[in-house]
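Hi there,

Here is the structure I promised to pass on to you. Have a look at it first, and then read on for what turned up.

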Amino acid sequence: MSPGRVSIREVATLAGVSLGTVSNVLNRPELVAPPTRERVESAIATLGFVRNESARQLRTARSRTVGLVVLDIANPFFTDLARGAEDAANEAGIAVILCNSDGDRAKERHYLTLLAEQRALGVLLVPVEGAPRRPQALRQQGIPVVAVDAQISQTLGCSVSVDDERGGEVAVEHLIERGHRRIAFVGGDNREHQVADRLRGAQKAVTATGGAVGLEVVGTSSLSVAGGRQAGRALLALPPRSRPSAAFCANDLLALGLLQELTRAGTRVPTDMAVVGYDDIDLAEAGAVPLSSVRQPRYQLGYQATQLLLEETTDERHRHRKVVFEPELVERESSRTRTPPRRRAKLAVPLPHQPALASAGGG
Ligand code: RIB
């Protein structure tokens with residue numbers, strides 16, 4: 001009997017179960033008790049059953065795929081996010097089609113159209129410039145969209161993101177606590193809402209000092225290592241005495257490029273300039289100077305977004321939700337610096353209240 005010709009009915013008969021149970025084993029195995037599932041899988045193997053995917057797609061008008069459209073596959077932030085999405089999808093027997101918009105609206109539109117033509121179950125979208133303009137169009141075709149690393153109106157769908165404004169604030173508060181009074185914000189051109197939100201948080205932290213701290217923005221042509229090197233050249237071109245003593249970079253790739261440029265020029269990090277990044281990608285701690293960074297739960301962003309999308313496609317009780325993660329600063333060598341010297345008088349003799357210095361022998 002040629003495998004392609006075995007029907008689902010024959011599998012059900014051999015396993016002694018209903019057609020629906022066989023369908024669940026194929027599409028929602030988690031719904032089937034293990035002993036029953038094993039009986040069906042054994043019947044499938046014995047008969048050499050192979051499902052007819054194209055017939056299934058025609059019947060159900062949906063492929064067993066979800067689309068994931070990210071801004072830049074060269075950025076490890078999105079690789080880790082895609083890993084989480086793929087694990088959640090695979091647990092449900094669903095495949096992920098990864099698309100890279102390169103931050104370009106036309107490419108994003110092209111991929112969204114392609115995913116609709118492929119009858120994807122749904123789309124996980126990291127929208128260009130943060131404002132997804134297409135979820136309505138896809139939703140009208142019955143294709144749900146979950147915004148990832150961005151927020152959309154809950155009437156349109158679910159979203160999973162990080163409070164980037166708080167992330168920027170935390171990064172600059174950390175540098176202020178380390179005594180820095182002139183801080184550079186190294187970011188792209190703010191087209192990306194994530195960068196604009198981080199800058200707003202940085203400005204909030206500086207404003208809270210009542211003018212004691214200055215923030216200067218160093219724009220870059222991209223959010224990449226090359227952009228970080230570009231920012232490094234701009235900062236090094238300043239006279240040493242008017243250079244910021246710290247830089248907060250909108251993402252880790254920028255920070256790694258800045259570190260490269262500073263190191264090449266012999267500028268000590270953190271002594272001459274402290275550096276903080278954003279994302280906490282694996283490379284952040286692997287650098288010659290381990291990088292302080294604001295951690296984003298990259299894997300969780302992808303995993304949870306996919307779970308929300310699959311819930312929307314399978315559970316009529318689904319209600320759209322907005323999930324927002326809190327960022328967390330991870331302090332490492334690149335900003336674990338001495339507090340820059342203040343006017344501190346040298347103590348000639350210990351003040352009366354100071355305990356006598358313990359003798360070397362501790363005796
Ligand atoms: O796409 C630029 C940045 O935005 C990434 O590095 C990540 O931080 C995302 O949120």
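The residues of the shell around the ligand divide evenly by kind: four are nonpolar, four are polar and four are charged. Please keep in mind that this is a predicted model. On the nonpolar side of that shell you will find Leu-71, Phe-77, Phe-78 and Leu-223. The charged ones are Asp-149, Glu-192, Arg-198 and Asp-279, and Asn-75, Gln-194, Asn-251 and Gln-296 make up the polar group.

For your purposes the polar distances may be handy. Oxygen atoms of the ligand come into play in each of these:

- Arg-198: an N or O atom of its side chain is 2.7 Å from a ligand oxygen.
- Asn-75: here the distance from a side-chain N or O atom to a ligand oxygen is 2.9 Å.
- Asn-251: a polar side-chain atom lies 3.1 Å from an oxygen of the ligand.

How much of the ligand does the protein bury? Taken alone, the ligand exposes 280 Å², and the protein buries 98% of that. Two elements give two or more residues each to the shell, namely α5 (76–91) and α9 (193–207).

Why does the ligand lie between two domains? Domain 2 (63–162 + 299–325) gives residues to the shell and so does domain 3 (164–297 + 327–346), which is why the ligand is placed between them.

Now to the sheets. One of them is an open sheet of six strands with parallel pairing, in the order β2-β1-β3-β4-β5-β11. Its edges are β2 (95–100) and β11 (322–325), each of which pairs on one side only. On average, neighbouring strands in this sheet are turned by 15 degrees against each other, with direction ignored. Inside the sheet, β3 (residues 122–125) and β4 (residues 145–148) are joined in the parallel sense by three bridges, and Val-123 stands opposite Val-145 of β4.

Another open sheet, also built from six strands, runs in the order β7-β6-β8-β9-β10-β12, and its pairing is mixed. Here β7 (214–219) and β12 (328–330) are the edge strands, each pairing on one side only. The average turn between neighbouring strands of this sheet, direction ignored, is 20 degrees. Strand β9 runs parallel to β10 (residues 292–295), with four bridges between them; Tyr-278 has Val-294 in β10 as its bridge partner.

Two backbone details are worth a check if you set up the model for your own work. Which peptide bond is cis? The one from Val-269 to Pro-270, with omega near 10 degrees. Pro-270 sits in the loop between α11 (252–264) and β9 (274–279). The other detail is Arg-119, which has a positive phi of about 55 degrees although it is not a glycine. Arg-119 belongs to the loop that lies between α6 (105–117) and β3.

Happy to talk it through whenever it suits you.

Best wishes

Conventions. Residues numbered from 1 in each chain as written. Predicted model: local features only at pLDDT ≥ 70, side-chain atom pairs only at ≥ 80, totals over all residues. Heavy atoms only, no water. Near = heavy atom within 4 Å. Polar contact = N/O pair within 3.5 Å; in protein donor to acceptor, adjacent residues only side chain to side chain. Areas by Shrake-Rupley, 256 points an atom, 1.4 Å probe, with all protein chains shown as cover. Domains from an automatic or database assignment. Pairing = 2+ DSSP bridges. Axes fitted to C-alpha atoms, helices over the stretch in contact; angles between N-to-C directions.
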